[in-house]
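The following paragraphs lead through a protein model, from its overall composition to individual side-chain arrangements. Please keep the sequence and the coordinates at hand while reading.

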Amino acid sequence: GGISKDNMRNVFEYSWSSMQNSDSADEHGANGGGSLMAGMSLQTNLALQHGIGGPIAGLGFGLPMARLYAGYFGGSLDIVSMEGYGCDVFLKLRSIEGS
């Protein structure tokens with residue numbers, strides 16, 4: 001679990017992804033060296049291969065866009081990772097007072 005220090009430097013970069021080329025993957029999503037997507041389960045890999053993740057899944061736009069939207073709404077998006085254990089994601093949004 002968690003995100004490696006090397007990958008943490010890149011997770012908010014547009015077009016950066018931990019997804020590997022699926023051309024080298026076998027029918028079960030494995031490519032000899034590990035899972036199709038680093039840090040994701042076989043079930044998640046298969047879901048993304050079948051389009052469940054949407055047309056831009058794995059292209060490196062999810063986290064950068066989420067952070068951009070959080071900032072637009074006056075908040076922030078931060079990730080704290082403990083490599084080998086997991087990570088916590090903190091989404092903070094400004095409170096909108098009702099009238």
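Of the 99 residues in this protein, 13% count as buried. The model is a predicted one. Its exposed surface amounts to about 7300 Å², of which carbon and sulfur atoms supply 56%. In terms of secondary structure, the protein holds 3 helices and 2 strands, and these follow one another along the sequence in the pattern α-α-α-β-β. Among contacts with a separation of 6 or more, 41% are made by residues 24 or more positions apart.

One buried position is a useful place to begin. Ile79 is found in strand 1 and has a relative accessible area of 13%; it counts as buried because this value is under 20%. Which residues does Ile79 touch, when those up to four places away in sequence are not counted? They are Ile3, Met8, Val11, Phe12, Leu63, Cys87, Asp88 and Val89. The backbone around Ile79 can also be located relative to Phe90: the two residues are 11 positions apart along the chain, and their C-alpha atoms are separated by 6.3 Å.

Strand 1 also contributes to the charged interactions, through Asp78. The structure holds 2 salt bridges. In one of them, Asp78 pairs with Arg67, and the closest N and O atoms are 3.6 Å apart. This salt bridge links distant parts of the chain, since Asp78 belongs to strand 1 and Arg67 to helix 3, with their positions 11 residues apart in the numbering. Both partners fall in the intermediate accessibility class: Asp78 is partly exposed at 32% relative accessibility, and Arg67 is partly exposed at 35%. Arg67 has a further role in the geometry, for it lies over the face of Phe12 at 3.6 Å from the ring centre. Phe12 in turn is among the residues that Ile79 touches. The other salt bridge joins the side chains of Arg9 and Asp6, with an N to O distance of 2.9 Å. Here both Arg9 and Asp6 are exposed.

The aromatic side chains form a further set of arrangements. A pair of aromatic rings is described by the distance of the centres and the angle of the planes. How many aromatic pairs does the count give? There are 2 aromatic pairs. Tyr14 and Phe61 make up a tilted pair, with 6.1 Å from centre to centre and 50 degrees between the planes. Tyr14 lies in the loop between helix 1 (5-8) and helix 2 (42-49), and Phe61 in the loop between helix 2 and helix 3 (62-72), so the pair ties together parts that are 47 residues apart in sequence. Tyr14 is partly exposed, with a relative accessible area of 43%, and Phe61 is likewise partly exposed, with a value of 30%. In the pair of Tyr72 and Phe73, the ring centres are 5.0 Å apart and the planes stand at 85 degrees, so this pair is edge-to-face; the class follows because the angle is over 60 degrees.

The two rings of that edge-to-face pair also appear in a description of the surface. Tyr69, Tyr72, Phe73, Leu91 and Leu93 form a nonpolar patch there, with about 630 Å² of accessible area together. Tyr72 counts as exposed at 66% relative accessibility, whereas Phe73 is partly exposed at 47%. Phe73 is placed in the loop between helix 3 and strand 1 (76-82).

The loop between helix 1 and helix 2, which holds Tyr14, contains other residues of interest. Ser15 has its place in this loop, and its phi is near 70 degrees, a positive value in a residue other than glycine. Is Ser15 buried or exposed? Ser15 is exposed, with a relative accessible area of 52%. Met19 lies in the loop between helix 1 and helix 2 as well, and at 28% relative accessibility it counts as partly exposed. The C-alpha atoms of Met19 and Gly58 are separated by 5.6 Å, although the two residues are 39 positions apart along the chain.

Terms used
Residues are numbered from 1 along each chain as its sequence is written. This is a predicted model: local features need pLDDT of at least 70, side-chain atom pairs count only at pLDDT 80 or more; totals for chains, interfaces and linings use all residues. Side-chain values use heavy atoms; hydrogens and water are left out. Helices (H or I, at least four residues) and strands (E, at least two) are DSSP runs, numbered from the N terminus. Buried means under 20% relative accessible area, exposed over 50%, partly exposed in between (1.4 Å probe, protein chains only). Contact means heavy atoms within 4.5 Å. Accessible areas come from the Shrake-Rupley method with a 1.4 Å probe; for residues, only the protein chains shown count as cover. Rings of Phe, Tyr and Trp (its six-membered ring) pair if their centres lie within 6.5 Å; planes under 30 degrees apart count as stacked, over 60 as edge-to-face and the rest as tilted. A charge sits over a ring if NZ of Lys or CZ of Arg is within 6 Å of the ring centre and within 35 degrees of the ring normal. Patches are made of residues with over 30% relative accessible area and no salt bridge: like charges are joined within 9 Å, nonpolar side chains (Val, Leu, Ile, Met, Phe, Trp, Tyr) within 5 Å. A salt bridge is a side-chain nitrogen of Lys or Arg within 4 Å of a carboxyl oxygen of Asp or Glu.
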